[in-house]
Amino acid sequence: MNENDRALCIATAGLLRASKAIAVWGLALSLIAGLVLALTGRSLPSASWAAFAIIGLAGLPERYLALRMHHEAQLFDGLAHGDIDSLPLLEAALEKLGLRRATDPPRLFAERVLAARQLMQRHSLAVVVQTLAFALGLALQDR
């Protein structure tokens, strides 16, 4: 791996780790929504109840995406620091873990970086949905 690729690995891992703050916010929203529904669900207007339920439901893919982002950050760290020697070795390890199909064509380095960025964007979108539903749930709570 050349120095440019190593630098890109470090930058990508850093970007994915920086998204942890967004992941914490998503988890907090899910927990708050669960508590609101558990403690006051029967007394909430149906629109507010639905908004808090959406937060909880959006929390499921949000948690999955947060886990994937953490895993990807670890992989990019491993590539950057030489713990994983090459992309073919990474692909082979992912295949043995069942995280990649043997029939899939090997991913180029640039494709892997782009996919990590897209993963972060999808995760952020899930948290935006949760945040909007939370604001809506609060706004409709007294109606």
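In the predicted model, the largest nonpolar core comprises 19 residues, and those with the most contacts inside it are Cys9, Leu16, Phe76, Leu79, Leu90 and Phe109. Two or more residues of this core come from each of helix H1 (3–18), H3, helix H4 (87–96) and H5. The most is given by H3, which supplies seven residues. A second core, separate from this one, has eight residues, among them Val36, Leu44, Phe52 and Ile55.

Cys9 illustrates how the largest core is joined across the sequence. Apart from neighbours within four places in sequence, the contacts of Cys9 are Met1, Phe76, Leu79, Ala80 and Phe109. Of these partners, Phe76, Leu79 and Phe109 are, like Cys9 itself, listed among the residues with the most contacts inside the core.

The protein is built from five helices and has zero strands, and the order of elements from the N terminus is α-α-α-α-α. Its radius of gyration is 19 Å, whereas the globule rule gives 15 Å for 143 residues; the protein is therefore more spread out than a compact globule. The C-alpha trace spans about 60 × 30 × 20 Å along the principal axes. Buried residues make up 38% of the 143 residues. Among contacts with a separation of 6 or more, 74% join residues that are 24 or more positions apart. The exposed surface of the protein amounts to about 8,700 Å², of which 66% is supplied by carbon and sulfur atoms.

Helix H1 has 16 residues, which should span 22 Å at 1.5 Å a residue; the end C-alpha atoms of H1 are 22 Å apart, in agreement with this value. Cys9, Thr12, Ala13 and Leu16 are the buried residues of H1. Viewed down the axis of H1, these residues fall within an arc of 100 degrees, so they line one face of the helix. Their packing partners are H2, H3 and H5. On the face of H1 turned away from the buried side lie the exposed residues Glu3, Asn4 and Ala18.

Within H1, Thr12 has a relative accessible area of 7% and is counted as buried because this value is under 20%. With neighbours within four places in sequence left aside, Thr12 is in contact with Phe76, Val113 and Ala116. Phe76 is thus a partner of Thr12 and also of Cys9. The C-alpha atoms of Thr12 and Ala116 are 7.5 Å apart, although 104 residues separate the two in sequence.

Helix H2 (residues 20–40) contains 21 residues, and the distance from its first C-alpha to its last is 30 Å, close to the 30 Å expected at 1.5 Å a residue. Its buried residues are Ala23, Gly26, Leu29, Ser30, Ala33 and Val36. Seen down the axis of H2, they fall within an arc of 155 degrees, so they too line one face of their helix. These residues pack against helix H3 (46–80) and helix H5 (109–139). Val36, one of the buried residues of H2, belongs to the second core. The other side of H2 carries the exposed residues Lys20, Ala21, Leu31, Leu35, Ala38 and Leu39.

Note on methods. Residues are numbered from 1 along each chain as its sequence is written. This is a predicted model: local features need pLDDT of at least 70, side-chain atom pairs count only at pLDDT 80 or more; totals for chains, interfaces and linings use all residues. Side-chain values use heavy atoms; hydrogens and water are left out. Helices (H or I, at least four residues) and strands (E, at least two) are DSSP runs, numbered from the N terminus. The expected span of a helix is 1.5 Å times one less than its number of residues. Buried means under 20% relative accessible area, exposed over 50%, partly exposed in between (1.4 Å probe, protein chains only). The arc is that of the directions from the helix axis to the C-beta atoms. Contact means heavy atoms within 4.5 Å. A nonpolar core is a set of buried Ala, Val, Leu, Ile, Met, Phe, Trp, Tyr and Cys residues joined through side-chain atoms within 4.5 Å. The radius of gyration is taken over C-alpha atoms; the globule rule is 2.2 Å times the number of residues to the power 0.38. Accessible areas come from the Shrake-Rupley method with a 1.4 Å probe; for residues, only the protein chains shown count as cover.
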